[in-house]
Amino acid sequence: MPFALSRVRTVLRCSAHGFLRVAMFVFAMGFMPIQGLQAGAQELNLYTVREPGLIKPLIAAFTGKTGIKVNTVFMNDGLAERVEAEGVRSPADLMMTVDIAKLLEIVDKGLAQPVRSAALEAAIPAQLRDPEGRWFALSLRARLIYAAKTRVDAKAMTYEDLADPKWKGRICIRSGQHPYNTALIAAYIAHHGEAAAEVWLRGIKANLARKATGGDREVARDIMGELCDVGVGNSYYVGLMRSGAGGPDQEKWGQAIRVLLPAFSNGHTHVNASGVVLAKYAPNPAQAIRFMEFLVSDEGQKIIAEANFEYPVKAGAPMSPFIAELGELKPDHLSLAEIAKNRKAASLLAERIGFDQ
Amino acid sequence: MSLDQRPSQPAEWPIHPSRGIGAPFGFVGRFMRGGFSGWTVASAVIACVVMMPLLALLVLGLGGSGDLWPHLMAYVLPEAIGTTLLLLVGVGLMVTTIGTLTAWLVTAYDFAGRRWLEWALLLPLAMPTYIIAYSYLDLLHPIGPLQSGLRHLLGLSSPRDLLLPDIRSLGGCVLLFGFVLYPYVYIATRAMFHMQVASLVEVAHTLGAGRLGVFFRVALPLARPAIAVGASLALMEAVNDVGASEFLGVRTITLSIYTTWINRSNLGGAAQIALLMLLVIMVLVGVERYARRHQRYVGNARQGRRLSRQNLSPLAGFMAFAACAMPVVAGFVLPVAYLVVEAVTRLRLFGLSDDIISQTLHSVGVAALATVIALVLGLVLTFTVRQNSNPLTRLLQRLASFGYAVPGTVLALGLLSPLAGLDHGLDALSLALLGHGSGLFLFASGGALVTAYVVRFLTMSVGGLETGFQRIPPSLDQAGRTLGANPLGLLWRVHLPLIRPAVLSAGLLVFVDCMKELPATLLLRPLNFETLATHVYGEASRGTYEDGSIAALAIVLFGLVPVMLIAGFGKNSQTMPQSAAKTDRTETGS
Amino acid sequence: MRASFLRSSTADTAVLPDEERWLPRGRCAGFLVIENVRHHYGALPAIDNVSLTVAPGEIVCLLGASGCGKSTLLRLIAGVERPEQGRILLDGREVCGSASFVPPEQRGVGLVFQDYALFPHLSVAENVMFGLRHMPKEHARALAMRALTRVSLARYADDYPHMLSGGEQQRVALARALAPRPSVILMDEPFSNLDQRLRETIREQTIALLRDEGISAVVVTHDPEEAMQIADSIALMHAGRIVQTGTPEQLYNHPASLFVARFFCDVNEVEAVCRNGQIDSSLGRFPAPLAMPDGPCVLCIRPQAIASDRDGVPVEFVSRQFLGHDDRLRLRIPGTGQIIHARMSDVGPLKTGQVLSVGIAPESVMVFADEAKG
């Protein structure tokens, strides 16, 4: 017994030593990233809501071309709050978001600084950037309707049609509180007013086949699984699924749906934008502006279109064949800022009618 | 007559000195008994640091919430409160049932596969809730393997011919949470059952209680403090979860915090909801503690024999095996098998990303560092109470444990301004003293991240160490002190060797949870610092969840190692108090 | 294990030549003074104005019922608890007073617990060496081995506490407490966890050892017989106060109060009246002690003090209980109907209701003023 106990003790002591060593290593490692942050080096710091997988090819191309290193941190909720807290000492040069409302929130918090760049202004249509140069859209995604290939005959639909009682028990959609849907509802409010929007949203709610939850891909998957026949999803998911980039299963889901390019009754499709702002206290503004300009260059726009399956903002830039085949996009005339203004009303509306319940 | 009044009871310590009951003896006197020691001051400092985010939330909440509350009251709360309560009740029942039942089976009975199951039952601990939610949707979806297979077997062609309930529901959420969160209850109750004296069970049997009777009337009531500790951890994790419950369409109150903040930019309102929820949680925890204020299970230096396992008949043994294997399969084997299949597919298609190694190092590194710090701070807090247990030190210990009671995102948000404030101060100081600024040192070094982990998971460290300390009889402390050990010497020479198993299992719990943690990791990490969890999240939010399966598997694997270690040390922890307590029955008269 | 210990024990209790002692002589045994100490737990006064002196080499028993504060007093002396008022002096040094407080590790007292409090993670020798940190390890080990030899446990030095029997654990605890040469040793119910037969032996050995080494000791016990056997001086405690201090004979034969009398022996209490130096009771008339005021009083009579006496008072026989070398009789006093107990031998066969004549020696009657009753 004493022998066994002392052996246990030896083992424990050894593992304690090992633990110490690991802890020291961790300490050393934890402090390494500091080196990368000195201002003035040929580099820039990017805070992004856009997923790393989508950013990487852009950065690789940019760094290859200019030699400027891009440090990134990918985050989601709280990006604006973090930069706000970091204040004048924030290392952030650029902030990228995938939802126009978030972009405008950053601007509203006074965290952006205006940029004057002929290249940016030439590439981006006026309604897709701030007149004062504080924000710039980089790419667009359209809110589409996915329909079951085998079970739905309709070749065209409007957003208004989604409330038609003929779809009772046949519609799938993600949460009404997801920014993509909030923006769609906000656009509806802008077009038709809040009262009409409420009637419409209640109509959709009554048509739901399942709870409003999951992601846009789940809409396609549920259509394939015959849980529903019609759903709402973003354009780039179509490319992602059908290209096989998401794996063989998703390719099948993508094949199970027919994609309708819907429109409001005015004939225009709701779009949301990914965009970028230059941080107010950016330590490397020159490098940051070069990156912004690269993002709207032919090369940058091509990568965005190919890797992300998004609509480029630059006129004439090529799009992915998976997106091109969906038909010609006629983006809504509404300014993005107008939509963003209705965001709060849209979110409250969805809660009021219990859209997610 | 006086003849019956002679003293016959053996004298004992009347009451634990530091836990004197009775009427208040003056507020200050009660609060300060024993005076302020350096330990108390250290505890106070820790509690203050941990409370920083709470203060930040208070400041935010005081900023006002506009017209939020009438709207919430009218449209959101009635449903959300109902959903939240159902979720809590459901998960609570599940984790308590699975946790205590399996713990009792592996402690009280011997059956084929018991040794294996005893540690396998810990495995679901390594499974993050968001991963299990994604996995199960894939597995159980109408076009997933299970339903496709069933249809194939039954000769059905359309998914509509076989309508099974959707996992994306409150029921599904309860099931999934139950299967991954029960180990918190299992760990706590198993330790408690191991401490029980055999005579209690034997007495119950002789009083006519059957196997079930012994479980329900003896084991369960005795394990109540352990159930409370384990279940409260599980429930806090369930109620504060955002990723999985949102994905499964379960709209809890936590999600309304989220919507209020994210979609309506009403940070003040979000902070108010979060604080209100925290208050409710604190009240519930307080009520529970108050309800069992008289139950105390202090270890004695000399105790009776421990429970020895009874053999079961082959049929009963198989049933016990099945009951214990079910949660392991549901909470671990199935989702891991799914992850492995996906990972293999990905590897074949896209190869192994180089980043996975650096992500793993980052995850393990910050988790390990946070674990060490959480253990040291937890030790300071619990040892302070051990030294000088008064309302003040106990309050400090409780306060330092609040981080787990708020959603991770809210905690991270609350940490932003205090940490940034510290960083600005550091920078100014360094500029004044050294001539060049330090920049945002905490954010850039990962210090912010480690702080968040420590604040969030300190409660596990404190809870684990507290249990460890409770098993050491106070007489050992007094013996050590009179033999010349000062408090630190006592901690080093007596307490640490005795609570080592508790230290290790507390540390491993913290480590596993740090590995799984997502919201604070996302928000507070430095540039170019991906971890396994952020990678999985990045892939999931891009809609390519399966691409994250390798990283998800890595989280599970690295979570697995500590879980196995817990299992190993759990065995030591059984022998430790037992060796402290075994006595020769022929000689103990009492 | 126990058998072998019992065999070797007789040799151990014999006084050993000086070189066999593990504690080199030369240091004086401790001198402990407690002055007006007070302590509370919550609102309950645990120790209420207690003063006590332990002379060098003296063994003092703190005697009292459960919860009377005797263990608390021990903890105050040891320094693991801090009193709210009063002074404690060890060897003339104030270890605890209004301004000073010496922590337990610097006091040089040894403490032996009811549960022995052996460190389960340390071997027997390591337990004994725990308090021997200030010296080289070999030296400490040698001292520990001598201490263990003294309690005849040297052969278990490398075993762990749980492998020993209760009696052996008790002796390890003693060796551990004595090894650092404390000026005073404090023992809290050290024998109460042992069974009856073993208790006697271990108690004798322990006390012999303490006396042999000339160590001052404070022993807490609830058992008056134990206290009388081992103590030079007994301090009887009740409700946080010391009610009487003195030699065992003083406390037994001259209890200061009814409480003390009751504590040491079952007594018969008979109401009586004191008038003009005489006490009248249903059991006869006795001379009153000096300074006894007139008025109601209580007579305290031990069952052993009652004997057959042809010239005594008549009592009715009720029942008897055979106790071995004598009988316990229940007797009824005819006038009041009160039942008293008597211990007698050589009484022949008795019938219920039969009248006996018993007498009580006046010197064995204890008289207390009536307000002491209760």
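## A walk through a predicted three-chain model

Buried residues account for 55% of the 590 residues in chain B. Bear in mind as you look around that this is a predicted model. For the complex, the predictor reports an ipTM of 0.85 and a pTM of 0.83.

Let's stay with chain B for a moment. Its secondary structure comes to 24 helices and two strands. If you take the contacts in chain B with a separation of 6 or more, 83% of them are between residues 24 or more positions apart.

A good helix to pick out here is helix 13 of chain B, residues 267-291. How does its span compare with what you'd expect at 1.5 Å a residue? The 25 residues should span 36 Å, and the end C-alpha atoms are indeed 36 Å apart, so the two agree. The buried residues of this helix are B:Leu267, B:Gly269, B:Ala270, B:Ala271, B:Gln272, B:Ile273, B:Ala274, B:Leu275 and B:Met277. Among the elements covering those buried residues are helix 2 (38-62), helix 3 (68-108), helix 12 (253-262) and helix 17 (408-434) of chain B.

Next, see where chain B meets chain A. The contact takes 61 residues from chain B and 62 residues from chain A. On the chain B side, the elements that give two or more residues are helix 3, helix 12, helix 15 (355-387), helix 17, helix 18 (441-445), helix 22 (519-524) and helix 23 (532-542). Helix 17 of chain B gives the most to that side, with nine residues. Sorted by class, the side of chain B that touches chain A has 25 nonpolar, 22 polar and 14 charged residues. Helix 3, helix 12 and helix 17 of chain B are thus worth a second look: they are among the elements covering the buried residues of helix 13, and they also give residues to the side that touches chain A.

Now cross over to chain A. Here you'll find 15 helices and ten strands. Of its 357 residues, 54% count as buried. Among the chain A contacts between residues at least 6 apart in sequence, 79% join residues at least 24 apart.

To get a feel for the inside of chain A, zoom in on A:Val49. It is found in the loop between strand 1 (43-48) and helix 2 (52-66) of chain A. Is A:Val49 buried or exposed? It counts as buried, because it has 20 C-beta neighbours inside 10 Å. Leaving out residues up to four places away in sequence, A:Val49 touches A:Met75, A:Asn76, A:Leu79, A:Met96, A:Thr97, A:Val98 and A:Lys102. As a yardstick for the chain, the C-alpha atoms of A:Val49 and A:Ser347 are separated by 21 Å, while the two residues are 298 apart along the chain.

That leaves chain C, where the strands are the thing to follow. One open sheet has four strands in the order 2-1-4-5, with antiparallel pairing. Strand 2 (44-54) and strand 5 (93-96) of chain C stand at the edges with a single partner strand each, so one side of each is left without a neighbour in the sheet. On average, neighbouring strands of this sheet are turned by 30 degrees against each other, direction ignored. Within the sheet, strand 1 (residues 32-41) and strand 4 (residues 85-90) of chain C pair over five bridges in the antiparallel sense. For a specific pair, look at C:Glu35, whose bridge partner in strand 4 is C:Arg87. Helix 2 (residues 70-78) of chain C lies across strand 1, strand 2 and strand 4, running at about 65 degrees to strand 2.

Further along chain C comes strand 14 (residues 295-301), which is mostly covered, with five of its seven residues buried. Which strands does it pair with? Seven bridges join strand 14 to strand 11 (residues 268-275) of chain C, and the two run antiparallel. Five bridges join strand 14 to strand 19 (residues 365-369) of chain C, again antiparallel. Toward strand 11, C:Pro296 in strand 14 is the bridge partner of C:Val273. Toward strand 19, C:Cys297 stands opposite C:Ala369.

Finally, a word on confidence. The mean pLDDT of chain C is 84, and 91% of its residues reach 70 or more. Within chain C, confidence is highest in strand 3 (residues 59-63), at a mean of 95, and lowest in helix 1 (residues 2-13), at 35. Over residues 1-27 of chain C the pLDDT is below 50, and this stretch has 24 contacts in the model beyond near neighbours in sequence. Where pLDDT is low, the predicted coordinates should not be read in detail.

Definitions and conventions: Residues are numbered from 1 along each chain as its sequence is written. Chains are lettered from A and ligands numbered from 1 in the order in which they are written. This is a predicted model: local features need pLDDT of at least 70, side-chain atom pairs count only at pLDDT 80 or more; totals for chains, interfaces and linings use all residues. A residue is buried if 20 or more other C-beta atoms lie within 10 Å of its own, exposed if 12 or fewer, and partly exposed in between; C-beta atoms are placed from the backbone. Two residues are in contact if their C-beta atoms, placed from the backbone, lie within 7 Å. The expected span of a helix is 1.5 Å times one less than its number of residues. Two strands pair if DSSP finds at least two bridges between them. Axes are lines fitted to C-alpha atoms, for helices over the stretch in contact, and angles run from 0 to 180 degrees between N-to-C directions. pLDDT is the predictor's confidence in each residue, from 0 to 100. Ala, Val, Leu, Ile, Met, Phe, Trp, Tyr, Cys and Pro count as nonpolar, Asp, Glu, Lys and Arg as charged, and the others, Gly among them, as polar.
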